[in-house]
Amino acid sequence: MILAASDPFSGTTFTALNYFGDVVFAVSGALTAARYRMDVLGFVLIGIITGIGGGTTRDLLLGRTVWWTQDPTELVICAVAALVTFFWIHSDITRRKAMIWSDALGLSVFGVVGCHVALAFGAPFVVAVFMGMITATGGGVIRDVITNTQPMILCGQLYATAALFGALSYASMRQLGLQETVAAVLAVVAAFGLRAAAIVYGIQMG
């Protein structure tokens with residue numbers, strides 16, 4: 001088992017990745033709210049749920065204190081990102097493209113961050129990889145269910161697979177002794193590369 005610091009965000013790299021993931025996932029949630037012409041409160045609500053939903057599910061499954069109940073910083077970040085999106089996006093085409101790519105970025109980042117958090121909490125290798133996937137996909141699934149949209153995880157796309165690939169890559173590189181910042185960056189790039197290829201070339205499972 002990999003030994004890690006008790007505070008998974010003690011380093012600036014993972015703090016930055018976590019905040020970046022919050023922003024891009026909150027934006028993807030807000031863009032989904034835009035498709036349904038929700039008001040500003042709807043933007044904020046869906047943005048926050050998308051940003052923190054996966055991590056909340058992870059913490060509940062691990063029996064870990066849900067982080068934002070102790071420090072609401074990320075709630076504020078998600079709310080601000082959703083508000084900015086409310087005043088920024090006007091074109092339907094732009095909304096759709098931006099939602100897909102912001103979701104892909106969030107998926108890639110949170111797969112790695114979620115795995116890192118689980119490892120720091122003392123979870124076994126396999127459990128940590130699974131928690132990475134849950135962290136990456138959970139917020140998007142909750143977003144899609146609330147907005148009555150077919151979840152991307154059920155559309156045959158390389159979605160959960162990309163998240164799993166990123167988490168597995170990170171955990172494997174850490175197991176081999178690679179420095180965590182380098183491992184995190186490489187794993188995020190690997191996950192995003194797979195998801196981006198699926199989007200650009202229409203790659204689907206089956």
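Helices here are DSSP runs of H or I with at least four residues, numbered from the N terminus. With that in hand: this is a predicted model, and its protein chain has 7 helices and 0 strands. Read from the N terminus, the elements simply go α-α-α-α-α-α-α. Helix α2 gets most of the attention below, with F43 and T50 as two residues to look at in it.

**Overall build**

- The radius of gyration of the protein chain comes out at 16 Å, close to the 17 Å the globule rule gives for 206 residues, so the chain is as compact as a globular protein of that length.
- Along its principal axes, the C-alpha trace spans about 45 × 40 × 25 Å.
- Buried residues account for 51% of the 206 residues in the chain.
- Take the contacts between residues at least 6 apart in sequence, and 76% of them join residues at least 24 apart.

**The nonpolar cores**

- The largest nonpolar core has 47 residues, and the members touching the most others are F14, L17, V112, V113, C115 and Y170.
- Each of α1 (12-35), α2, α3 (73-88), α4 (92-121), α5 (125-146), α6 (160-175) and α7 (180-201) puts at least two residues into this core.
- Helix α4 supplies the largest share of it, with 12 residues.
- There's also a second, separate core of 6 residues, and A33, F43, I46 and A82 are among its members.

**Helix α2, end to end**

- Helix α2 covers residues 40-62, which is 23 residues, and reaches 33 Å from its first C-alpha to its last, close to the 33 Å expected at 1.5 Å a residue.
- Even so, α2 carries a kink of about 45 degrees, centred on I52.
- At the N-terminal end, D39 does the capping: one of its side-chain oxygens sits 3.2 Å from the backbone nitrogen of L41.
- Just past the other end, G63 takes a positive phi of about 75 degrees.

**F43 in α2**

- F43 is found in helix α2, and it belongs to the second core mentioned above.
- With a relative accessibility of 6%, F43 counts as buried, because the cut-off for that is under 20%.
- Leaving out residues up to four places away in sequence, F43 touches A30, A33, A34, M38, A82, T85 and F86.
- Two of those partners, A33 and A82, are listed with F43 in the second core.
- F43 and L31 sit 12 residues apart in sequence, with their C-alpha atoms 7.8 Å apart in space.

**T50 in α2**

- T50 also lies in helix α2, and at 1% relative accessibility it counts as buried.
- The T50 side chain reaches back to the backbone oxygen of I46, at 2.7 Å.
- I46 is itself one of the residues in the second core.
- Neighbours within four places in sequence aside, T50 is in contact with F25, S28, G29, G139, G140 and R143.

**T15 in α1**

- For a residue outside α2, try T15, which is found in helix α1.
- T15 counts as partly exposed, because its relative accessibility is 23% and the partly exposed class runs between the buried limit of under 20% and the exposed limit of over 50%.
- T15 and Q175 are 160 residues apart along the chain, and 21 Å separates their C-alpha atoms.

Key:
Residues are numbered from 1 along each chain as its sequence is written. This is a predicted model: local features need pLDDT of at least 70, side-chain atom pairs count only at pLDDT 80 or more; totals for chains, interfaces and linings use all residues. Side-chain values use heavy atoms; hydrogens and water are left out. The expected span of a helix is 1.5 Å times one less than its number of residues. The bend at a residue is the angle between axes fitted to the seven residues ending there and the seven starting there. A polar contact is a pair of N or O atoms within 3.5 Å; within protein, one must be able to donate a hydrogen and the other to accept it, and residues adjacent in sequence count only if both atoms are side-chain atoms. Buried means under 20% relative accessible area, exposed over 50%, partly exposed in between (1.4 Å probe, protein chains only). Contact means heavy atoms within 4.5 Å. A nonpolar core is a set of buried Ala, Val, Leu, Ile, Met, Phe, Trp, Tyr and Cys residues joined through side-chain atoms within 4.5 Å. The radius of gyration is taken over C-alpha atoms; the globule rule is 2.2 Å times the number of residues to the power 0.38.
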